[in-house]
Amino acid sequence: MTAPRLDRTAGPERFAPGTFTPQPGRGSLGGMLRAQAGTETRLALRHGEQVLLTLMIPVILLVGLTLLPILPLAEPRVDSVTPGILALAVMSTAFTSQAITLGFDRRYGVIRRLAATALPRWLLVAGRLTSMLAVVVVQVVVLSALAAFLGWRPAGAGICWAVLLVLLGCAAFGALGVLLGGSLRSDIVLAVANVVWFVLLLAGGIVIPLADLPSGLATVSALLPSGAMAEGLRDALTDGTGPGVGPVLVLLAWAVVGATVAVRTVRLR
Amino acid sequence: MTPTPPPLLAAPAVSVRGLVKRYGRTTAVDGLDLRLEPASVLALLGPNGAGKSTTVEICEGFLTADAGEVSVLGIDPAGAPDALRARIGIMPQGGGAYPGVKAEEMLRVVAACSATPLDVRWLIDVLGLDGCRRTPFKRLSGGQQQRLALACAVVGRPELVFLDEPTAGMDPQGRHLVWELVRALRRDGVAVLLTTHLMEEAEALADHVVIMDHGKVVAEGSPAELTSGGDQQELRFRARTGMDVDALARALPTGHSAAETVAGRYVVRGRIDPAVLSAITGWCADQGALADDVQVARRSLEDVFLDLTGRELRS
C-alpha cells in the first residue's frame with residue numbers, strides 16, 4: 001500500500017537511481033591496515049601534546065643532559081644519556097600516549113565505529129600496534145641522529161640487543177598502556193598516565209641510572225619496566241654487552257601480566 | 001563500475017522472534033517480534049528507554065540476546081559479526097570517530113574496510129560536508145557529526161543499514177537531506193531499520209512502523225494503518241448543549257458511539273462514511289439543532305503514539 005509521502009525537496013534529484021545499489025564486501029586486509037594504522041600514526045604525529053611528550057621532551061632532555069652538568073654522569077656524557085632517552089621515548093609512546101589515545105578514542109566512540117565495519121577485531125588491534133611501532137621508529141631515528149650529532153657512538157655489538165629491548169619495552173609498556181586506557185574514564189586516564197610517566201622518568205631508572213638511586217629505590221626500579229629497559233639499553237649500547245637475563249625477564253613478565261589482565265578487563269567500546 | 005542488481009531475497013532482511021534482553025533486574029526487551037522486508041524501511045518508534053537501541057544493537061551483533069531468535073540477512077548476528085558486518089552499514093547513536101581526525105580522513109578509513117566503496121569526495125560533497133572536510137571531528141557541529149556518521153554507514157554499499165536516531169540534533173535542512181537519502185536507499189534496494197522518536201520522521205519514511213514501549217511492541221502497521229486506527233475514526237461537531245447522546249448512538253449503525261465531551265461539543269466514534277455523516281446531521285435537525293463546525297479527524301501518528309505510551313514524561 002502506498003502511504004502519502006511528504007516530499008518537500010525541490011530541484012534535480014540529489015541521488016541518481018542506482019547510486020546505492022548494494023555491492024557489499026570486505027576491503028583488502030592490507031588496505032584496511034594501511035588506512036587505520038596510517039591515520040592513527042598521522043594523528044599521533046600532529047597532536048601537539050603527544051608530540052611534546054614523545055619527541056620534544058626527549059629531545060630537550062637529550063640535549064640538556066648532554067651539554068649541561070646537571071647530573072653527575074660518566075664521560076662521554078652523551079653515551080650515558082642516550083640509552084635512557086631511548087627508553088623514555090618508548091615509555092612515552094607505548095604507555096602514556098597509547099593509554100591517553102585509547103581513553104579518548106573510547107570516549108569518542110571510534111573503537112565502536114571501527115568494530116561496526118568489516119574490519120576484524122584482530123586487525124583493529126594490529127593496526128594500533130603498527131601505528132605505535134611506526135611512531136617509535138620515528139622517535140628512534142630522530143633521537144639517534146641527534147645523539148650521533150652530539151657525539152654518540154653506540155657499541156655496535158649491542159645494537160641487536162637494543163632492538164630486542166626496544167621491542168620488549170614496546171610490548172610491556174604497550175600492554176600496560178592498553179590496560180590503563182581501556183579500563184578507566186578518559187580524564188582519569190589522562191591524569192594517571194602523566195603522573196606515572198613523570199614518576200618513572202625521575203625515580204624509575206630512566207634519566208638517573210639505577211646505580212645513582214638510593215639502594216631501596218634502585219631494587220624496586222630494577223623490577224619496573226622503565227628500570228629494566230633503560231638499564232638493559234645502557235649495558236647494550238654503552239658496553240656492547242648483553243643485558244643479561246634480568247631485564248629481559250622483567251620486561252617479558254610485565255608484558256605477559258599486562259596483556260593477560262588487559263584481555264580480561266578491557267572493553268573495546 | 002557496473003552495479004549488479006541485488007539478488008531477489010525471499011527471506012526478510014531482519015527477522016526477530018521472541019527477543020528478550022535483561023540488564024540485571026530490568027527487562028529492556030521483552031518478547032519482541034520484528035520483520036524487515038528487503039528494500040523497505042522499518043521505523044522503530046518509542047519513548048526514551050523503550051528498548052529501541054538495545055534491539056538494534058542485538059541485530060548488529062554488539063549485544064547478545066538472553067532469549068529469542070534473531071536473523072539478519074540470514075545470519076545469526078551473535079555468532080558471525082565479521083561476515084555480517086561486511087554486508088551491513090551501521091550508524092551508531094552519536095556517530096563515533098577519532099577526536100582529532102578530519103571528517104574526510106575518517107570517512108576514508110571506513111571506506112577502506114569495503115571492497116567497492118562509494119566515492120568519498122562525492123559523498124562528502126552531497127552530504128554538505130565539503131566545507132568541513134578538513135575540520136577535526138570534535139569541532140564539527142552535532143548535525144555535521146551525524147551526517148558524517150551517516151556517510152560512514154552507507155559508504156560501503158551495504159544491503160542493509162541500521163540508523164539509530166539518524167536525525168537527532170539536526171536542523172530541518174539536514175533532516176530533509178537524511179530523509180532524501182533514506183528514500184534513495186530504499187529505491188535502490190537497500191533495507192533500512194531506523195529508530196526515532198520523531199513521529200513525522202516515521203510517517204515520512206517508513207513502510208512499516210513498530211511502536212515500542214517497555215521492551216514490547218504496542219502497535220505496528222503502515223503509517224496509514226496506524227493513523228486510521230483500523231475502522232476507528234472520529235467526527236466532532238458543535239450543537240446546542242444537552243442532547244441525548246444515547247439516542248444519537250441508537251440512530252447510527254452498530255459499533256458507533258457518541259458523547260458530549262464538553263458542553264455543546266460532541267464526538268462520534270466509529271467508521272465515518274457519507275451515510276453516517278448524513279444520519280448525524282439529520283438526527284440533529286430532528287432535534288431542532290444545527291450540527292456546526294463538523295470535522296472528521298484523522299489521527300496523527302503522534303496521537304497514536306501518545307495514546308499508546310502515555311503522556312507522562314520519561315526521565
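Biologist: Let's start with one residue: where is the place of A:Val163?

Modeller: A:Val163 sits in helix α6 of chain A. Do keep in mind that this is a predicted model.

Biologist: Happy to. What makes A:Val163 part of a nonpolar patch, and which residues form that patch with A:Val163?

Modeller: A:Leu133, A:Ile159 and A:Leu167 join A:Val163 there, and the four have about 320 Å² of accessible area together. A patch takes residues with over 30% relative accessible area and no salt bridge, and nonpolar side chains are joined within 5 Å, so these four count as one patch.

Biologist: Which helix gives the most to the nonpolar patch?

Modeller: Helix α6 of chain A, residues 159-183, with three residues. Helices are in fact what chain A is made of: there are 10 helices and zero strands. The C-alpha trace of chain A spans about 85 × 40 × 30 Å along its principal axes.

Biologist: On to the partner chain. Why is the pair B:Glu57 and A:Arg112 called a salt bridge?

Modeller: The two side chains meet at 3.2 Å, N to O. The cut-off is 4 Å between a side-chain nitrogen of Lys or Arg and a carboxyl oxygen of Asp or Glu, so the pair qualifies. Across the interface of chain A and chain B the rule finds four salt bridges, and the elements giving two or more residues to chain A's side are α1 (29-46), α3 (77-107) and α4 (110-115). Of these, α1(A) gives the most, with nine residues.

Biologist: How do you know that B:Lys216 and B:Asp30 form a salt bridge too?

Modeller: By the same test: their side chains meet at 3.5 Å, N to O, which is within 4 Å, so the pair counts as a salt bridge. That pair links distant parts of the chain, with B:Lys216 in strand β9 and B:Asp30 in strand β2, 186 residues apart. Over all chains, the structure holds 17 salt bridges.

Biologist: And how many residues does the contact take from each chain?

Modeller: The contact takes 46 residues from chain A and 65 residues from chain B. Between them the two chains bury about 4900 Å², with 59% of it on carbon and sulfur atoms. In chain A, A:Phe20, A:Gln23 and A:Arg113 lose the most area to chain B, together 16% of what that side buries.

Biologist: How many residue pairs are in polar contact across the interface?

Modeller: The rule finds 19 such pairs, with both residues at pLDDT 80 or more. Chain A's side of the interface divides into 20 nonpolar, 12 polar and 14 charged residues.

Definitions and conventions. Residues numbered from 1 in each chain as written. Chains lettered and ligands numbered in written order. Predicted model: local features only at pLDDT ≥ 70, side-chain atom pairs only at ≥ 80, totals over all residues. Heavy atoms only, no water. Contact = heavy atoms within 4.5 Å. Buried area = accessible area lost by both parts, 1.4 Å probe. Polar contact = N/O pair within 3.5 Å; in protein donor to acceptor, adjacent residues only side chain to side chain. Helix = DSSP H or I, 4+ residues; strand = E, 2+ residues; numbered from the N terminus. Nonpolar A, V, L, I, M, F, W, Y, C, P; charged D, E, K, R; others polar. Patch = residues over 30% accessible without salt bridge, like charges linked within 9 Å, V, L, I, M, F, W, Y side chains within 5 Å. Areas by Shrake-Rupley, 256 points an atom, 1.4 Å probe, with all protein chains shown as cover.
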